[in-house]
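Open the model in your viewer and keep the selection panel at hand. This tour moves from one selection to the next and says what is found at each stop.

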Amino acid sequence: MDNLVKICGLSTPETLDAALSAGADLVGFVRFAKSPRHVGLDLGRQLSAQARGRAQCVVLLVDPDDEAVFEAVEALNPDLIQLHGHESPQRVAEIRSRAQLPVMKAFGIAEHSDLAALAPYAGKIDHILLDAKPPRDPGALPGGNGLSFDWRLLNGLDPKVSFMLSGGLTPDNVAEAIRLTRSKAVDVSTGVESGPGLKDPGKIEAFIRAARTAFAAQH
Ligand SMILES: O=C(O)c1ccccc1N[C@@H]1O[C@H](COP(=O)(O)O)[C@@H](O)[C@H]1O
């Protein structure tokens, strides 16, 4: 995962086109009914076809059962599955093997000890996504809350561990996040919206530009 930008939660052809035209490396489609970014299967199929060949397509699932995995994979034909719930290492391995697709598992980080949760997934996942922990409110989404965590918590992470950084990133803070964490991949949803689920083409372009400049400054 080198110098990659993922724009997540795209749900219209127009905003997807904005992300693709601005050079997003990965585009994410949320399959989680409680999310304002949720896409139905028909829309997901249409959007992933639009993105094919221009960016990697990611389908985001939360604690999916086999049927939810199967229907998402069948309709969206994604390049990568993002798991953003409480999937155990064993469940992740099952999903990866049944779908025959690479998996990126999200981990919520609030304190240094949360990084210990990564170890049991070694060899069972293809990519690590580090996000803020969701609010304790039972109605809160498991992600996509526009909340960041203290990036300095990653100082102790083995530099050989490659990860995608997410959680509260915006066009204004992504450069600082990349500089502090030395992350080689970033993911954003809320920070490029003008309202819940409403992606803003200008913010998408500004985010990608800021991330690219910050990646270039790392070398
Ligand atoms: O975006 C959503 O609606 C969503 C729903 C359920 C789980 C994860 C979700 N989004 C992911 O959350 C992180 C952080 O997003 P944000 O930039 O802080 O809004 C990101 O990986 C999204 O892909």
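Begin with Ala211, which touches Val5, Val174, Ile178 and Val186 when residues up to four places away in sequence are not counted; contact here requires C-beta atoms, placed from the backbone, to lie within 7 Å. The model is predicted, so local features need pLDDT of at least 70 and side-chain atom pairs count only at pLDDT 80 or more, whereas totals for chains, interfaces and linings use all residues. Residues are numbered from 1 along each chain as its sequence is written.

Next, widen the selection to the largest nonpolar core, which has 58 residues and in which Ile7, Val27, Phe29, Val186 and Ala211 are those with the most contacts. Such a core is a set of buried Ala, Val, Leu, Ile, Met, Phe, Trp, Tyr and Cys residues joined through C-beta atoms within 7 Å. Helix α6 (residues 201-217) gives the most to this core, with 6 residues; helices are DSSP runs of H or I with at least four residues, and strands are runs of E with at least two, numbered from the N terminus.

Now select Val69, placed in helix α3 (residues 66-76). Val69 counts as buried because it has 21 C-beta neighbours inside 10 Å, the cut-off being 20 or more other C-beta atoms within 10 Å of its own, with C-beta atoms placed from the backbone. Leaving aside neighbours within four places in sequence, Val69 is in contact with Leu61, Pro64, Ile95, Arg98 and Ala99.

Finally, add Pro159 to the selection: from C-alpha to C-alpha, Val69 and Pro159 are 32 Å apart in space, and they are 90 residues apart in sequence.

Conventions. A residue is buried if 20 or more other C-beta atoms lie within 10 Å of its own, exposed if 12 or fewer, and partly exposed in between; C-beta atoms are placed from the backbone. Two residues are in contact if their C-beta atoms, placed from the backbone, lie within 7 Å.
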